[in-house]
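Colleague: I would like a close look at a single part of this model, explained slowly enough for someone new to the subject.

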Amino acid sequence: MNRIFFYCIVFMLTGTLLQSCQPAATPVKVEQGESFRAPAYPLITIDPYTSAWSTSDNLFDTPVKHWTGKNHSLIGAIRVDGQTYRFLGKEEIPLQPVLPSAKYEAWEARYVTQEPARGWEKPGFNDVSWKSGLAAFGTPNSGETNTSWTSPHIWVRREFTLPAISNDSELYLIYSHDDDFELYLNGTEIINTGNRAKSNVVLKLDKSLLNADGKNTIAAHCWDRGGLAYVDFGIFRESDEKPVFAQTAVQNSVKMTATQTKYDFTCGPVDLQVEFVSPLLMDDLDLLSRPVNYINYQVVSNDGQAHDVEVYFETTPEWAVNELNQEVEVTTGKIGDLSVAKTGTTEQAILQKKGDNVRIDWGYFYLATPGAANKTMAIGDFVDMKKSFAEGGKISSRLDKMTAVMSNSMPVLACTDAVGKVSAKPANGYVMLAYDDMESIQYFEKNLKAWWTKDGQVTIDEALTAAAKDYESIMARCDAADAKIYEEALAAGGEKYARLCLLAYRQTIAAHKLVKDTEGNTLFLSKENFSNGSIGTVDITYPSAPLFLKYNPELLKGMMNPIFYYSESGKWAKPFAAHDVGTYPIANGQTYGGDMPVEESGNMVILATAIATVEGNADYAAKHWDVLTTWANYLLENGLDPENQLCTDDFAGHFAHNVNLSAKAIMGIAGYGKLAEMLGKADVAEKYTTQAKQMAQEWIKMANDGDHYRLTFDQPGTWSQKYNLVWDKLLNLGIFPPEVAQTEIAYYLTKQNKYGLPLDNRRTYTKSDWIVWTATLANDNETFQKFMDPLYKYVTETPDRVPMSDWYETPTATQVGFQARSVVGGYFIKMLEK
């Protein structure tokens with residue numbers, strides 16, 4: 001896309017070359033971006049709450065969605081000579097409740113928590129002895145829970161009579177569950193999820209299973225494997241409203257860079273290019289934290305003729321609520337030269353919700369555009385606004401304020417650009433999407449504002465004004481960063497590897513929130529997306545660290561600072577590192593149900609060593625030397641042959657004698673020795689380095705299984721990925737003989753499936769981040785590519801259209817769990833070799 005800037009930069013894909021600009025009416029830049037099919041394409045990526053994705057190959061095939069799967073409606077259309085083409089998003093009229101879920105009203109059902117008699121799922125089953133309760137059923141204070149449930153299992157029966165509905169109307173079951181869930185409709189099983197947790201899943205019903213004239217029964221069973229528990233379901237019908245923007249553009253391509261997703265369309269006689277830009281530049285934390293993203297657009301005639309063009313963008317208050325039954329206020333106004341529309345809940349329950357599968361419902365969402373005579377910003381009805389644009393290219397701006405409950409009526413925030421006559425000379429414009437969360441994080445009982453506010457001194461009005469003022473320079477800086485990241489990834493690991501890194505970049509950063517504590521320390525707090533919602537999780541920090549080690553170790557320190565503070569303050573008194581500091585966005589102390597003593601202690605010491613290696617000094621470790629010493633000593637005493645406990649792959653369950661976990665402990669001890677050496681503590685360095693080498697020799701003897709090394713020391717005939725050994729290579733620790741890693745690599749190549757290397761011999765599933773770490777153990781690029789090829793094949797062929805999952809089945813490329821997690825920052829580990 002040509003942008004009218006006051007600069008001219010040409011980027012070559014194999015090297016960046018700054019050339020002198022020659023006078024020209026329209027400077028030209030070489031188009032950047034790699035074209036490949038992603039599971040989901042990042043569009044708006046600000047933080048864990050403001051995170052919107054396209055989940056289809058064509059930008060207009062599905063509604064834009066939050067990473068949880070809920071709609072964050074964003075629609076774009078272009079009107080050319082009176083013909084309207086939708087290019088962005090899809091009109092999904094909210095389904096209407098027939099049998100309401102708890103999100104609409106607390107429904108009554110019978111339930112038990114001890115296994116019932118056979119036939120419990122069938123109509124006519126005698127459930128008179130069951131308890132009666134109001135849905136939803138779940139963990140206290142989660143979702144719409146009305147009936148608390150604390151045992152591992154619950155069985156629920158809901159009887160109902162179907163109201164009269166049109167024969168033409170389709171019916172849908174909408175259900176939420178945590179964890180394993182099976183559901184029967186009149187005795188027929190229609191859902192059986194296995195070990196998953198999902199929210200607001202929509203399933204089209206076979207109406208022949210329903211009794212239209214009498215009683216019906218929905219029976220469900222849920223198994224809570226730990227953490228949160230939840231059961232809710234209801235039946236819904238299609239709305240009587242029909243889509244307005246039925247005609248779509250023709251999508252020609254989609255390309256990605258680290259900070260941008262770029263689409264190219266044909267809309268009849270004009271071509272349209274659209275860019276979604278998230279300026280997540282790690283050398284500028286003020287900009288990275290600023291909660292503003294851009295949508296750029298450019299229109300040009302493709303037939304040599306001039307055409308009348310109007311462009312339309314629309315969002316809804318879905319961006320500012322957790323559920324559609326929350327009341328919202330929508331307004332329009334001006335911020336200097338900007339036209340804006342703003343929305344948020346009327347309740348504004350700041351920092352009152354926490355958890356995994358939830359969205360923000362405090363603060364305000366903004367749609368903004370530079371003001372001009374040809375631009376209109378307006379609010380109004382979901383259908384009426386589109387009809388007005390389709391019929392006349394204009395939208396009404398009569399209202400400046402309205403309130404609504406979206407489950408009853410859906411308002412929209414919309415803007416138009418009456419571009420006018422467009423011919424061979426491109427016409428350009430942009431809109432901004434922003435979110436002011438007002439208070440971002442509660443950190444040990446104190447509410448913290450986002451970094452960009454400068455402790456409340458900068459307002460969202462000022463942030464939006466600066467975002468518009470700096471627009472051209474920000475676009476140029478994003479282009480320069482994109483070229484650099486791509487070139488470095490390409491040089492490190494080849495084309496497929498580079499594409500994986502491009503897709504991982506925004507996903508990783510946007511799963512964090514950047515704030516400062518009351519002492520001015522950086523806090524870069526992760527949310528454990530689609531896992532359990534923990535904040536500041538150490539075994540999320542560990543796999544995601546390579547991206548930040550590569551491009552800004554200060555952000556990695558911001559991830560580690562809360563864990564150091566937790567121990568150093570005495571709030572965490574155990575002799576090993578905590579797992580987390582709470583449940584996002586409340587960071588008042590660990591909420592995870594179990595400890596990971598060796599895992600988290602090893603992670604923290606290894607990462608402190610990695611920071612020292614990257615920075616060339618151990619100053620950061622010196623600040624935390626006492627607690628690092630405590631953790632290193634814990635590893636020394638307990639790390640060689642770990643007792644029964646969890647590791648970062650906690651989904652695989654507890655087990656003892658974990659060989660890979662032992663390797664992590666040894667790396668941590670060796671890392672502590674290296675830190676001591678860097679700090680001039682020669683005696684300490686010699687002691688721990690010697691101990692690490694001795695432990696490594698014991699490890700080799702205990703884990704040896706002939707042509708590879710075991711999963712656990714006590715189980716011959718087993719194997720696992722030893723991804724923790726990568727630090728011996730990257731930190732130049734020299735603890736394990738080089739042939740150990742190469743023996744493992746050769747063995748792994750015999751165990752790969754179509755879509756990658758399994759995690760270990762127990763199951764066929766894997767973790768994509770660990771595959772890249774394991775592959776980095778290889779001594780040559782050809783071997784590295786043998787691991788990248790099936791991983792890339794998974795990413796580009798998986799049937800699960802969600803923000804990249806890191807936990808999937810290697811024979812089928814299907815998602816097991818997890819999505820939108822920051823751990824894919826681990827892909828950048830190959831780039832740390834040099």
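In what sense do strand β15 and β16 pair, and over how many bridges? Please also describe the sheet around them.

Modeller: Please keep in mind that this is a predicted model. Strand β15, which covers residues 180–185, pairs with β16 in the antiparallel sense, and this pairing runs over four bridges. If you would like one pair of residues to find in the structure, take Leu183, whose bridge partner in β16 is Ile191. As general background, the strands of a sheet pair through backbone hydrogen bonds, and they do so either parallel or antiparallel.

Both strands belong to an open sheet of six strands, in which the order is β10-β9-β13-β18-β15-β16 and the pairing is antiparallel. The edge strands of this sheet are β10, at residues 131–134, and β16, at residues 188–192, each of which pairs on one side only. From one strand to the next, the twist averages 25 degrees.

For a contrast with these strands, you could turn to helix α11, which spans residues 659–678 and reaches 29 Å from its first C-alpha to its last, close to the 28 Å expected at 1.5 Å a residue. Of its 20 residues, 18 are buried, so α11 is largely enclosed by the rest of the structure. At the N-terminal end of α11, Asn658 acts as a cap, with a side-chain oxygen 3.1 Å from the backbone nitrogen of Asn660, and just after the helix Gly680 takes a positive phi of about 80 degrees.

Technical notes:
Residues are numbered from 1 along each chain as its sequence is written. This is a predicted model: local features need pLDDT of at least 70, side-chain atom pairs count only at pLDDT 80 or more; totals for chains, interfaces and linings use all residues. Side-chain values use heavy atoms; hydrogens and water are left out. Helices (H or I, at least four residues) and strands (E, at least two) are DSSP runs, numbered from the N terminus. The expected span of a helix is 1.5 Å times one less than its number of residues. Buried means under 20% relative accessible area, exposed over 50%, partly exposed in between (1.4 Å probe, protein chains only). A polar contact is a pair of N or O atoms within 3.5 Å; within protein, one must be able to donate a hydrogen and the other to accept it, and residues adjacent in sequence count only if both atoms are side-chain atoms. Two strands pair if DSSP finds at least two bridges between them. Axes are lines fitted to C-alpha atoms, for helices over the stretch in contact, and angles run from 0 to 180 degrees between N-to-C directions.
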